[in-house]
Amino acid sequence: MSALTLDLGTSATKAALWNDDRLVALSRASIPTSHPRPGWVEQDPNAWWESAVNACAELATRCDLSSVRVVGFSAARETFALFDTSLRPLGPGVLWSDARGASNVLQFGDPDEFRNRTGVVLNAACCAAKVAWAAAFEADRFKDARWILAPRDWVAARLTGTVCTDVTLASRTGFYALEGGPPIVDSTIASRLPPVRRSADVVGYTSELGLPPNTPVVIGAGDRGCEVIGAGATPMMPMVSWGTTTNLSAPTSGTIENLPHAAAVSRHPTTGYVIEAGLSASGAALDWLSIVTGRPVDALWAEAAGTTPGANGVISAPWLHGARAPHWQPDAHAAFLGLTGACGPGDLGRAVIEAVALDVARCCELVADTSARLTLAGGGASNALWREILAASTNRRVVRRAVDDAASVGARLLIAEALGEAAELQTINSVVEELEPEPQLVERYRELRERSDRALETLLSLERIALAD
């Protein structure tokens, strides 16, 4: 059976065609992002739909989409826009990394209680705080809004005419208790939230995007949940995804009372929960470095591989979206320390990669200290340098599967569940490499970790002092 999966990410939409258990082709279409003010990150909602159309059109130049029998989704979470009763956008999309909700955080009460109740870390970038900001500071637009929708929810509604979301996206908004149930916010917001469905539900049918008439649409799940199942993550083998950001995630079947308090928690696409330690910019940091240095990203990776561990003395804090896990200081800023005239773009690139890997190591100690392996997802999984640095920094074996785009694999597995198909992860996405950490590099990165710990703590302290002033 041919299936189409659409992964609506932060910077691009990816369309993947599957023939039974085999990935036939993958295409992508970019989504422009704007930063109209410091801390604000926006997209045109129409670009979400256009990216899906363009990704499918590019895929159709290489494949016959008339054979597709079902379509399903993976999606970035915590991004939203306001829409009227006709599903027309009423303003820009506010991205997950946008921090305009600072003035509305206090209305949600104690951050620890909020985290325990919803699984969401309460800060200026929290979806609930930003929706509250829209209700307070864009009151006329909010009054005209019928729906508060994520990009996937809007695209699925345009395909099927059915407005809904799924449990994994709902659990990242801060509007629901972790165990589910109705929204736990006032009716002004609750009345504008879409109905919540299971991730493996067929929610309607479509003839759009060049697909055959009445093609079933499976709502799918958030990118993190899809990656966890698509990469075969377990409590003892967390998933590390390198994309726009990097994320350490592990599934758990534990009770809510026994979930860790050192990270965010979301609903799993099928059963249980996902423990999440979402880092700051990784791929986005290299994209930014590419712009300011004039070097293509591929060239930065190559130059980073050509410099020595330790990046010629450079330490990076790649906090373009604030310091997220494991530091949780959202007002912190990105920085490079230890620069000299001998440093070049390759050193800066390697410093970013090493900083991300060391933060993954710190997150492992918080939420997965007894794990012996990490399973990879995202575009970075294909890069040998990332795999080598990650293995050494965490002192864990690193597992790579045949399809790095684990989010699309997860969407394919949810399609199989929705249709009652027998689908095995090992058949769809087999293990192709298991890399052992190199002992000398492990020792080198242990030394660098100590230097990095001291530098980042000093930097975070300075940021706290500056904020206090």
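In which kind of crossing, left-handed or right-handed, does α1 pass α5? To find out in this predicted model, select helix α1, residues 45-60, together with helix α5, residues 151-160.

**First stop: two packed helices**

Two packed helices are described by the angle between their axes and the distance between the axes. Here α1 and α5 pack at an angle of about 65°, and their axes lie 10 Å apart. Turn the view until one helix lies over the other, and the crossing of α1 past α5 can be followed as a right-handed one. Now show the side chains that make the contact, which are P45, N46, W48, W49 and A52 on α1, and P151, W154, V155, R158 and L159 on α5. Sorted by class, the residues of this contact are 8 nonpolar, 1 polar and 1 charged.

**Second stop: the nonpolar cores**

In soluble globular proteins, nonpolar side chains tend to be buried together. Select V240, L248, I353, W386 and L390, which are the residues with the most contacts inside the largest nonpolar core, a set of 44 residues. Colouring by element helps next, since β13 (239-242), β16 (273-281), α9 (283-293), α10 (297-306), α11 (345-367), β19 (373-377), α12 (384-394) and α15 (439-468) each supply at least two residues of this core. Which element gives the largest share of this core? That element is α11, from which 10 residues come.

Keep V240 selected and look at what surrounds it, leaving out residues up to four places away in sequence: V240 touches T246, N247, L248, V360, L374, T375, L376, A377, W386 and L390. Apart from this core lies another one, of 37 residues, and L149, V155, L211 and I219 are among them.

**Third stop: the cysteines**

A disulfide is a covalent bond between the sulfur atoms of two cysteines. In this model the count of disulfides comes to 0. Begin with C127, which is in no disulfide and whose nearest cysteine sulfur, that of C126, is 6.8 Å away. C127 counts as buried, because its relative accessibility is 3%. Move on to C164, and the question becomes why its sulfur has no bond to the closest cysteine sulfur, in C226. The two sulfurs are 14 Å apart, and this is too far for a bond. C164 also counts as buried, with a relative accessibility of 2%.

**Fourth stop: helix α8 and its surroundings**

C226 leads on to α8, as it is listed with D223, R224, G225, E227, V228, I229 and G230 among the buried residues of that helix. Because 8 of the 8 residues of α8 are buried, this helix is largely enclosed by the rest of the structure. Select D223, which is placed in α8, residues 223-230, and which counts as buried at 13% relative accessibility. Beyond its neighbours within four places in sequence, D223 is in contact with S74, A75, A76, R77 and A407. After the helix comes G232, whose phi is positive, near 70°.

From D223, go to D7, a residue of strand β1 (residues 2-8) that is buried with a relative accessible area of 6%. With its neighbours within four places in sequence again set aside, the contacts of D7 are A12, T13, K14, S74, A75, D405, A407 and S408. If you draw a distance from the C-alpha atom of D7 to that of E417, it should read 18 Å, although these residues are 410 residues apart along the chain.

**Last stop: backbone details in the loops**

Most residues other than glycine have a negative phi, and most peptide bonds are trans. Three places are worth selecting with this in mind.

- E78 sits in the loop between β5 (68-75) and β6 (81-83), and its phi is positive, near 70°, although it is not a glycine. E78 counts as buried, because its relative accessibility is 14%.
- N395 lies in the loop between α12 and β20 (397-401), and its phi is near 55°, again a positive value in a residue other than glycine. At 45% relative accessibility, N395 counts as partly exposed.
- P326 is found in the loop between β17 (315-317) and β18 (335-337), and the peptide bond that leads from A325 to P326 is cis, with omega near 0°.

Notes. Residues numbered from 1 in each chain as written. Predicted model: local features only at pLDDT ≥ 70, side-chain atom pairs only at ≥ 80, totals over all residues. Heavy atoms only, no water. Axes fitted to C-alpha atoms, helices over the stretch in contact; angles between N-to-C directions. Helix = DSSP H or I, 4+ residues; strand = E, 2+ residues; numbered from the N terminus. Left-handed = near helix turned anticlockwise from the far one by under 90°. Contact = heavy atoms within 4.5 Å. Nonpolar A, V, L, I, M, F, W, Y, C, P; charged D, E, K, R; others polar. Core = buried A, V, L, I, M, F, W, Y, C linked by side-chain atoms within 4.5 Å. Buried < 20%, exposed > 50% of the residue type's maximum accessible area, 1.4 Å probe, protein only. Disulfide = S-S within 2.5 Å.
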